[in-house]
Amino acid sequence: MSLRRLFSHNFHLQPQFKLNKPIIFTKSIHALAIITENSSTTTKLNLTHNIEWTPGSISYSKLLSQCCKTQSLNPGLQIHTHLIKLGLNHDPKCRNHLINLYSKCRVFVGARQLLDESPEPDLVSWSALISGYVLNGFGEEAISGFREMHALGIRCNEFTFPSVLKACSMKKDIVGGKQIHGVVVVTGFESDVFVANTLVVVYAKCGEFLDSRRLFDQIPERNIVSWNALFSCYTQGDFFEKAIELFRDMIGSGLRPDEFSLSTIINACTGLRDINEGRKIHGYLMKHGYSSDPFSCNALVDMYSKVGDFEDAKTVFDQIKNPDIVSWNAVIAGCVFHEYNDTALELSLNMRRSGTKLNMFTFSSILKACSGLGLQDLGQQFHAVLIKSNIELDPFLCCGLIDIYSKCGQMEDATRVYNMMPEKELIAFNALLCGHSHNDNDIEALALFVEEYRDGVGFNETTLLALLNAAASLQVVNVTEQIHGLSLRTGFQSDPFVINSLIDSYAKGGSVEKARKVFDESPIADLATFTSLISAYAYSGQGEEAIKLYLKMQDLELKPDSFICSSLLNTSASLSAYEQGKQIHVHTLKFGLLSDTFTANSLVNMYARCGSIDDATRAFSEVPEKGIVSWSAMIGGFAQHGHGKEALSLFDDMLKDGIAPNNVTLVSVLCACNHAGLVTQAKQYFESMEDVFGIKPTQEHYACMIDILGRAGKLNEAMDLVNKMPFEANASVWGALLSAAKTHKNVDLGQIAAQKLMLLDPEKSGTHVLLANIYASAGLWENVADIRRLMKDSKVKKEPGMSWLEVKDRVYTFIVGDRSHSMTKQIYEKLDELMELIGKEGYVPVLEIDLHNVKTSEKELLLSYHSEKLAVAFALIATPTRAPIQVKKNLRVCVDCHTFLKFVSKVVAREIIVRDINRFHHFRDGLCSCGDYW
C-alpha cells in the first residue's frame, strides 16, 4: 500500500471512513507511516476537509517524520496546512518535525518563523535548524544560530555539538571551533565519542594537526569513526604517509577497518604514488569482503589509473556491477591520463548508454581526449551538447575547450571561449596563453599577458613558463629580462621550472652569459638545471663549455639522463670531438640509456660526424626502434663520407621498411649522389620528390641539385634550374653556382653568382675570394687586384684556413705557416721528411691552384705549409703508430693538399681522415674515399 493509492492526487477518491469512527482513520495514517518508512518511497499526500474527522497529532507526527526522512516538501506543506486548520500546529512534536523538514529542504524562512513563533523553543527545534543549515552548506548561519541558542541559555547535547562543529570545519573557523570546544568542556561532553570525533576533524581541517592528534589520543574509547576522521583529514591535507602510518596503528590495535577506512587509505596511497602499499590495501579489501563496496572500488580505479597499470584499473572497473558517475569518471580520466584517448571516448559512449548522466568532470576528460586525438569537430559537438544541456562552463571545462581549439589551431574559437567566461580564471588564461605559444603566436601571447595583467587577472609559474617560451622563440632578450624581473619581485625566481626556462630563453636570445648567471645564482643544482645550461651551451655552439659543465655535474654525482647524453653527443658531433664522444658513449652504456631512441640516434650522428663511419654503422644496427631520424642520420653519414652507393642502398632499405622520407632524408640522398657524382640518379630523385613522396623541393634541395649539375660541368642546365625555381634563389644556390664556376673556370657565370651573393651577404669573405680565384685562374690579375681593393675598402677580411685535431683530450689548432706550437721544430722537420719520402713516390706540387702572382719557388713554399699538412705532421709525431689520424678543416681542402695526403697515407701506412667544410675524406694506401671527386 502507498500514499498514492490511499489518497487520490486529484481528489477523485475520498477517504472511506465512517464519521463516527475517526479512530480508524488515525490508525490508518499511523500504519501508513510505518509501511512507507522506506527512504526510496516518494511520499505524496492530499487531504480533504469535506468530511468531519479529527486524527491525533501523534499520527501527523509519524507522517511528518517520514517526510523528513525522504525530504518530501510538498506533502509536508499540505500536512502543515491541515494542522493549522485543525488547531494542532502548536503541538511541540509536530512543530519540531516541521522545522526539521523545512531546514532540510532549504526553506529556512519557514523554519525560522516556526522557531520564532514557538512560546518556548527547545533544544530539538534549534538542533533541527542548525543541522539543516549544515546539511545545506550554510556554515556561517549554523554558527550564528548556535550562538543565539547558547545566549538563550539552552544547553546543547551530543547531537547539537557535532553539527555546529562541522560548520566550523566547513568555514575553517578555528577561532569559533575553539570557543565551542570550550563550551563542550564546560558542559562535560568532551568524553562523548561523537563530539570528540568532530573536534578532531575541526582542528585537522583548520590545519591544527598537532592539536587534532592530541585530541584523538585523549578519546578514551576510540571507535572506527574516530580513526576514519583523523586519517581522512591527513589524506585531505596531503599528509599521506601519516595517514598510512595511522591506518597501520589502527590495524595493530585490533580494530577492523570499514569500507570508508579502506577507500580513504587507498586515496592516500594514490597521493603518495605508492602502488605497492596500494596493492596491499587492495588485498586487505578483498580478504575482508569489501570488493563490492562502490567507494573502495572507485578509489581503486582512481589509484591504478594514476599510479599503476591502467589494465588493473580497467579490471577493477569491469567488476563493478553498477558503476556510478564517480566510477565512470575515474576510468575515463585514467584513459586520458595514459593517452588511451580512443578508449576514453568509447567508454563515454558506454556510460551514456548505461543511463548515467555525464557531468562536468566527464566532459572535461572527453575534451582532453578529443584534444589528444586532434578531433576538433567532435570537440565542437561536445561543446554544443554542453550548451544545450545548460551545464555551467566552470574553469576546467573552459580550459578543456580552449585546449582543444588551441591544439587544432583554432585560436579565434579558443579566444571566444575565454572571452565568454563571466570571470576570467587564471587556469583558463594560462590555457589560452599556452595555446598561443603552441601555435607560434608568440607576439599575441605577450600582448595577451600585458592586457590581462592590467585587468588584474594575475599570474603564476605556468604563466611565466609560457611567456619565457614565447620570448625564447622570438629571441628577444629584453622581454626575457622583464619576465626575469617580474619573477624576482613575486618570488617565482626560486621555482625550478622558471629557472630552467630563464636559462633556455636567455640562451636562445644569444645571451649565454646571463643564462650562466641564472644558473650560478640558482639555489637548486639538480639534473634539470644542469640539463638546461648544457643544452644552452650546445645550442649556442659552445660545446667545450657544455663538456666542462657535464664534468662538474659528474663531480656532484648527478646521474645523467637520456636528454643530457643526447645533447652532449650532439655537442661532440659539432666539435668533431671523437674522444669526448666515445666517453659520453661509455656513460650511456653505464647508465643504461641506449634503449632511448633519441640517445641512440645522437650516437649514430656523433660517430658519423666525427669521422668514424664504421662506429656509426655499428651504432645504427643497435638502435632499438629505427625511425626516420635514425635512417636519415645514417644516410647522411654515408653521404658525408663519400659512400654514395651505400647511402642509396640504405635509402631503399628504409623504404622497404615502410618508413617515409622527410625533407632531411632527401637532402642526404641528394648529397650522397653529389659526393659520388651520380648525376642521373640525383635527377631521378629530385624530379620525383613531389609525385612519389609528396615533398615539395625546398631551397636546400635546389642548392644540392644545382651543385650536382655544376660539379658535373652541366653549367647551362644548372642555370636553367635556377631560373625555373618557384622562389628567389638564396645564398646556398648562388654559392653552389659560384663553386661550379671556379671549378670549371667560367668567369661569366662566376661574376653573375658573385654579384648575387654580394647583395645577399656582403660581409662574407668567401664570395670575394672565390671570384678572385676565378679571375686569377683566367690570368685576369687586374680584376684580382680590384677584388682585393674592394675587400679592403669594405673591411671584409678573408677567413684564414685553419686545421685542428684532438690528441689526448686536447685540441691543437694550426694555420698556414704556423710557428706558434711548442713542437714547431719537430713538426717542420717531420714535414720535410714527408716531402722527401713522397717526392720519391712521385708527388709533384700542384702549383696551378696557388693563384698568387709570384715565382714558382715561392708558390711551392706557400703550398708546403698549408694548415692540414702541419696538422698531419704533428699527428705523426704525437699519436700512436698505426692509429688513424683525424684532422678537421674549416675550408675546402685544396687539390695539392689532397694529393699530398694520398701519398702520405701510402708512405706511412696510416689512415688519414680529413673533414673539410663539405665532407669527409678517408685517405688510405694512396687513395681517397671521394675518388678525387669533391
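Which residues does Leu-901 touch, not counting residues up to four places away in sequence? The legends below take up this question first and then turn to other parts of the predicted model.

**View 1. Surroundings of Leu-901 in helix H50.** In this predicted model, Leu-901 is found in helix H50, which spans residues 895-907. Once residues up to four places away in sequence are set aside, Leu-901 touches Val-872, Ile-912, Val-914 and Phe-923. Leu-901 counts as buried because its relative accessibility is 0%, and buried means under 20%. As a reference for distance, the C-alpha atom of Leu-901 is separated by 22 Å from that of Gly-637, a residue 264 positions apart from Leu-901 along the chain.

**View 2. Thr-899, another residue of helix H50.** Thr-899 has a relative accessible area of 17% and is therefore buried, given that the cut-off for this class is under 20%. When its neighbours within four places in sequence are left aside, Thr-899 is in contact with Tyr-843 and Val-846.

**View 3. The largest nonpolar core and the surroundings of Ile-706.** The largest nonpolar core holds 242 residues, and the members that touch the most other members are Phe-161, Ile-706 and Leu-737. Helix H11, which covers residues 193-205, gives the most to this core, contributing nine residues. For Ile-706, the contacts that remain after leaving aside neighbours within four places in sequence are with Ala-718, Leu-721, Val-722, Met-725, Val-733, Ala-736 and Leu-737.

**View 4. Another core, apart from the largest one.** Apart from the largest nonpolar core lies another core, made up of 29 residues, and its members include Tyr-843, Ala-875, Ile-885 and Ile-912. Two of these residues appear in the earlier views, since Tyr-843 is in contact with Thr-899 and Ile-912 is touched by Leu-901.

**View 5. The packing of helix H25 against helix H27.** The axes of helix H25 (residues 426-438) and helix H27 (residues 461-474) come within 9 Å and cross at roughly 15°. The two helices are therefore roughly parallel to each other, as angles under 35 degrees fall into that class, and H25 passes H27 in a left-handed crossing. On the side of H25 the contact is made by Leu-426, Phe-429, Asn-430, Leu-433, Cys-434 and Ser-437, while H27 supplies Thr-462, Thr-463, Ala-466, Leu-467, Asn-469 and Ala-470. Sorted by character, the residues of this contact comprise seven nonpolar and five polar ones, with no charged residue among them.

Notes
Residues numbered from 1 in each chain as written. Predicted model: local features only at pLDDT ≥ 70, side-chain atom pairs only at ≥ 80, totals over all residues. Heavy atoms only, no water. Core = buried A, V, L, I, M, F, W, Y, C linked by side-chain atoms within 4.5 Å. Buried < 20%, exposed > 50% of the residue type's maximum accessible area, 1.4 Å probe, protein only. Helix = DSSP H or I, 4+ residues; strand = E, 2+ residues; numbered from the N terminus. Contact = heavy atoms within 4.5 Å. Axes fitted to C-alpha atoms, helices over the stretch in contact; angles between N-to-C directions. Parallel < 35°, antiparallel > 145°, perpendicular 65-115°, else oblique. Left-handed = near helix turned anticlockwise from the far one by under 90°. Nonpolar A, V, L, I, M, F, W, Y, C, P; charged D, E, K, R; others polar.
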